[in-house]
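Biologist: Could you take me through some of the labels used for this model? I would like to see how each one is earned.

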Amino acid sequence: MENVMINWISRMQKLEDETPFTDEWWHECADALEMLPKEHREGFMISYVNMALQQ
Amino acid sequence: MYSEEYNEKVKLFKDAINFRKPKKVPNLSNFFTWKICDSEFSFKESLYDLNKMDKLTCDFHERYDFDAYMDLGTRNPLAVTDAIGGGFHIFNEETNSINAYDHVLMSAEEYTDFVQDPIAFCKTLFQRKYPNIGAGEMVKSLSAFFEFGQYAQNMTNKFTKEYSRPAVFDMTAAILTPYEFFNSAGRGIKELSLDVRRHQQELIEAMEVYYEVFIKNAIDAALASDSSMYVTDIYTALLGYSMLNVKQFEKVYWPILKKYIDKVVEQDKTIYIFCESTMLRFAEFFADIPKGHVVLHLELDDIFEARKKMPDICLAGGMTTELLGYGTPEKCVDQAKRLIEELGEGFILSQNKMMSFENDCKRENLLAVNDFVKNYKI
């Protein structure tokens with residue numbers, strides 16, 4: 001699990017250097033969530049965005 | 001799998017919802033950040049340290065011993081949004097309070113953009129709300145979101161297994177209505193109130209799309225899952241509706257809320273609706289719903305009046321902040337007794353408001369009420 005988290009942080013750091021907030025960028029962010037089953041990754045990002053909007 | 005005590009607690013609530021005579025009236029905690037005021041910790045250290053939040057939440061249960069809890073310290077995930085620049089709230093350390101302020105992230109003309117691609121539009125709103133996200137901040141925020149999710153799960157497990165106290169609902173079954181989304185995350189209270197008059201059709205179309213994309217499947221999934229271990233199957237909270245008159249409610253709010261309720265009734269399930277402010281002027285909409293499906297938690301309405309107008313709806317609340325915060329133990333117990341005797345079956349005793357501020361309650365009043373309720377038979 002620790003390695004998965006390290007990979008995720010490294011992929012996210014790379015993504016943050018790229019052009020952020022395009023559609024492709026959001027998909028990449030979801031895809032980077034390797035600690036979650038593939039089918040839950042997009043849903044997780046949508047939950048995150050919704051929570052951040054309503055907080 | 002669950003202890004006998006746990007099953008008994010669930011039964012107390014299910015009996016109340018179904019108007020069966022319960023062993024005793026279920027006593028539900030609607031305490032949120034007041035728990036911090038009643039603890040050894042400051043607001044700031046509790047909200048940013050989940051270990052402290054865990055401890056004070058457990059201490060609260062051990063002190064007051066409610067039958068179930070609306071909140072286990074999961075209300076304010078400030079670390080998630082602080083990492084990316086902070087949300088639209090005021091955190092006052094002197095008064096120990098958090099207040100959100102009304103804000104506008106989209107124009108009325110943009111309902112049509114939302115309708116075309118709601119998911120993309122939500123991401124646009126996210127960028128507008130958090131315009132200055134720096135390097136490493138998304139990772140920090142998402143990590144905090146993970147941590148917060150794990151905390152919520154751990155607390156539910158702890159209360160279920162160690163304390164034999166049921167969660168009121170599954171976290172994924174808390175499903176806010178589209179109107180509340182545009183109220184809190186898009187247009188704000190003031191602008192949305194104007195949209196109801198000036199852009200009603202665009203608003204209705206956008207809410208229909210929000211329902212189809214974000215809500216419908218979430219309700220179906222929640223109702224299809226085994227939620228027998230929870231007090232209710234789905235949960236929603238009404239706030240923005242308080243700005244509407246009856247005609248506006250009928251046209252703008254009720255059609256989608258009715259979809260929630262119809263699905264619940266069709267599948268013989270239950271929904272818990274927390275009604276902020278007042279709702280009695282809308283009582284007629286709930287009058288024909290059959291017994292056993294809906295709980296209305298009332299904030300500012302007269303609960304005795306509500307019973308007369310909605311005899312088949314289970315009601316929750318009754319203990320007011322005015323009494324708990326400024327009354328005496330004797331007066332609080334008198335009110336609890338009156339509530340139990342007059343409302344009896346189909347009633348869940350709780351606090352009218354989401355208890356958040358220091359003056360909402362005095363410790364001796366709450367101890368007196370809970371001690372009385374524990375032993376009082378209907």
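Modeller: Glad to! Glu191(B) has a relative accessible area of 25%, so Glu191(B) is called partly exposed, the class between buried (under 20%) and exposed (over 50%), with a 1.4 Å probe and protein chains only. This is a predicted model, where local features need pLDDT of at least 70, side-chain atom pairs count only at pLDDT 80 or more, and totals for chains, interfaces and linings use all residues. Side-chain values use heavy atoms, without hydrogens and water, residues are numbered from 1 along each chain as its sequence is written, and chains are lettered from A and ligands numbered from 1 in the order written.

Biologist: What makes Arg187(B) count as buried?

Modeller: Its relative accessibility is 5%, and that is under the 20% limit.

Biologist: Why is the contact of Glu191(B) and Arg187(B) called a salt bridge?

Modeller: The N to O distance is 3.4 Å, and a salt bridge needs a side-chain nitrogen of Lys or Arg within 4 Å of a carboxyl oxygen of Asp or Glu, so the pair qualifies.

Biologist: What makes Arg128(B) and Glu110(B) a salt bridge?

Modeller: Their side chains meet at 2.7 Å, N to O. Arg128(B) lies in helix α7 and Glu110(B) in the loop between β4 and α6 of chain B, so the pair ties together parts 18 residues apart in sequence. Helices (H or I, at least four residues) and strands (E, at least two) are DSSP runs, numbered from the N terminus.

Biologist: Is Glu110(B) buried or exposed?

Modeller: Buried, at 15% relative accessibility, whereas Arg128(B) is partly exposed at 36%.
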